[in-house]
Amino acid sequence: MNEWIRSGRVPKLPWMFTDSTDEQAFVDNVKDKSFVEGKFGTAPATDPIFVSRYWAQFNADAGFDSGAGFDALCLIALALQEAKSATASGIRDHLRSVSGPAGETITPDTIVQGLSDVAGGKQVNYDGWEGPDDSDAHGDVTTGKYVIWNVTNGKVGDTSEIVSP
């Protein structure tokens, strides 16, 4: 950002930042705060319970993708259980069926029961810390929760939450 500002090529266009810049360290590193003041961006929304549990366990802030990483691990575990095979093709071929929207809803708190249910032949639908992980026939996630964040008085903060249908 500082290199871009120094270039002198500052267009009069609206800015929208991404999840990777939803960090106070990003704003703190920008030498001229007027370039980021009032700007906004989007980021995946993580359940506040995950954030507080992460802090309690590790005495540190959860990174912006920690909840998504946890959800990915749970989805892979469920897919492997359903595939009864620890292979890449097992994950690929079973990921959609454990990520909904059909089946008994499994959450991070019920993942152990979900693995048992899948082993017993039950259909499950994992809804994680980042929200439902429902996938379409192409494997694209069709649901999710996002926050809009902005920079006000040099501080990064959330403005609202959007849940995509």
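Modeller: Two strands are said to pair if DSSP finds at least two bridges between them. With that in mind, please remember as we go that what stands above is a predicted model.

Biologist: How should I read strand pairing in general, and in which sense do strand 3 and strand 4 pair?

Modeller: As a general idea, the strands of a sheet pair through backbone hydrogen bonds, and they do so either in parallel or antiparallel fashion. Here strand 3, which covers residues 104-106, pairs with strand 4 in the parallel sense, and three bridges connect them. To find one place where the two strands face each other, look at Glu-104, which stands opposite Val-124 in strand 4.

Biologist: What kind of unit do strand 3, helix 6 and strand 4 make?

Modeller: Together, strand 3, helix 6 (residues 111-119) and strand 4 form a β-α-β unit, and this unit is right-handed.

Biologist: How many bridges join strand 4 to strand 5, and how do these two strands run?

Modeller: Strand 4 and strand 5 (residues 131-132) run antiparallel, and two bridges join them. One of the bridges links Gly-128 with Gly-131 of strand 5, while Asp-127 has Pro-132 of strand 5 as its bridge partner. The chain passes from strand 4 to strand 5 by a hairpin of two residues.

Biologist: What order do the strands of this sheet have?

Modeller: The three strands lie in the order 3-4-5, in an open sheet whose pairing is mixed. Strand 3 and strand 5 stand at the edges, and because each has a single partner strand, one side of each is left without a neighbour in the sheet.

Biologist: Is strand 4 mostly covered or mostly uncovered?

Modeller: Strand 4, which runs over residues 124-128, is mostly covered, since four of its five residues are buried.

Biologist: How do I read a single residue in the same spirit, and does Asp-71 count as buried or exposed?

Modeller: The cut-off to keep in mind is that buried means under 20% relative accessible area, whereas exposed means over 50%. Asp-71 has a relative accessibility of 2%, and therefore it counts as buried. Its place is in helix 4, residues 66-83. Once the neighbours within four places in sequence are set aside, Asp-71 is in contact with Pro-108, Tyr-126, Gly-128, Trp-129, Glu-130 and Asp-133.

Biologist: Which residue could I set beside Asp-71 as an example of an exposed one?

Modeller: You could take Val-112, which is found in helix 6 and which, at 65% relative accessibility, counts as exposed. Val-112 and Leu-78 are 34 residues apart in sequence, and their C-alpha atoms are 9.6 Å apart in space.

Biologist: Turning to pockets, how much space lies in the largest pocket, and which residues lie nearest its centre?

Modeller: A pocket can be described by its volume, its lining and the elements that supply the lining. The largest pocket holds about 590 Å³ of space. Its lining consists of 21 residues, and those nearest the centre are Asp-22, Val-51, Ala-62, Phe-64 and Asp-158. Strand 2, helix 3, strand 6 and strand 7 are the elements that give two or more residues to this lining, and strand 7 gives the most, with five residues. Sorted by class, the lining of the largest pocket has nine nonpolar, five polar and seven charged residues.

Biologist: What volume does the second largest pocket have, and which element gives the most to its lining?

Modeller: The second largest pocket has a volume of about 360 Å³. It is lined by 22 residues, and Asp-71, which we met above, is among the closest to its centre, together with Ala-68, Leu-75, Asp-133 and Val-141. Helix 4, helix 5 and strand 6 each supply at least two residues of this lining, with helix 4 giving the most, four residues. By class, the lining of the second largest pocket has nine nonpolar, five polar and eight charged residues.

Biologist: My last topic is the backbone: how should I read a positive phi?

Modeller: Most residues other than glycine have a negative phi. In this model, Asn-59 has a positive phi of about 55° although it is not a glycine, and Asn-153, also not a glycine, has a positive phi of about 55°.

Biologist: Where are Asn-59 and Asn-153 found?

Modeller: Asn-59 is in the loop between helix 3 and helix 4, and with 58% relative accessibility it counts as exposed. Asn-153 lies in the loop between strand 6 and strand 7, and Asn-153 is exposed as well, its relative accessible area being 68%.

Terms used
Residues are numbered from 1 along each chain as its sequence is written. This is a predicted model: local features need pLDDT of at least 70, side-chain atom pairs count only at pLDDT 80 or more; totals for chains, interfaces and linings use all residues. Side-chain values use heavy atoms; hydrogens and water are left out. Buried means under 20% relative accessible area, exposed over 50%, partly exposed in between (1.4 Å probe, protein chains only). A crossover is right-handed if, with the strands pointing away from the viewer, the path from the first strand over the helix to the second runs clockwise. Contact means heavy atoms within 4.5 Å. On a 1 Å grid over the protein atoms alone, a cavity is a set of points where a 1.4 Å probe fits but cannot get out, and a pocket is an open set with protein on both sides within 12 Å along at least five of seven lines; lining residues have an atom within 4 Å of a point. Grid points are joined across faces, edges and corners, and a volume is the space filled by probe spheres set on the points. Ala, Val, Leu, Ile, Met, Phe, Trp, Tyr, Cys and Pro count as nonpolar, Asp, Glu, Lys and Arg as charged, and the others, Gly among them, as polar.
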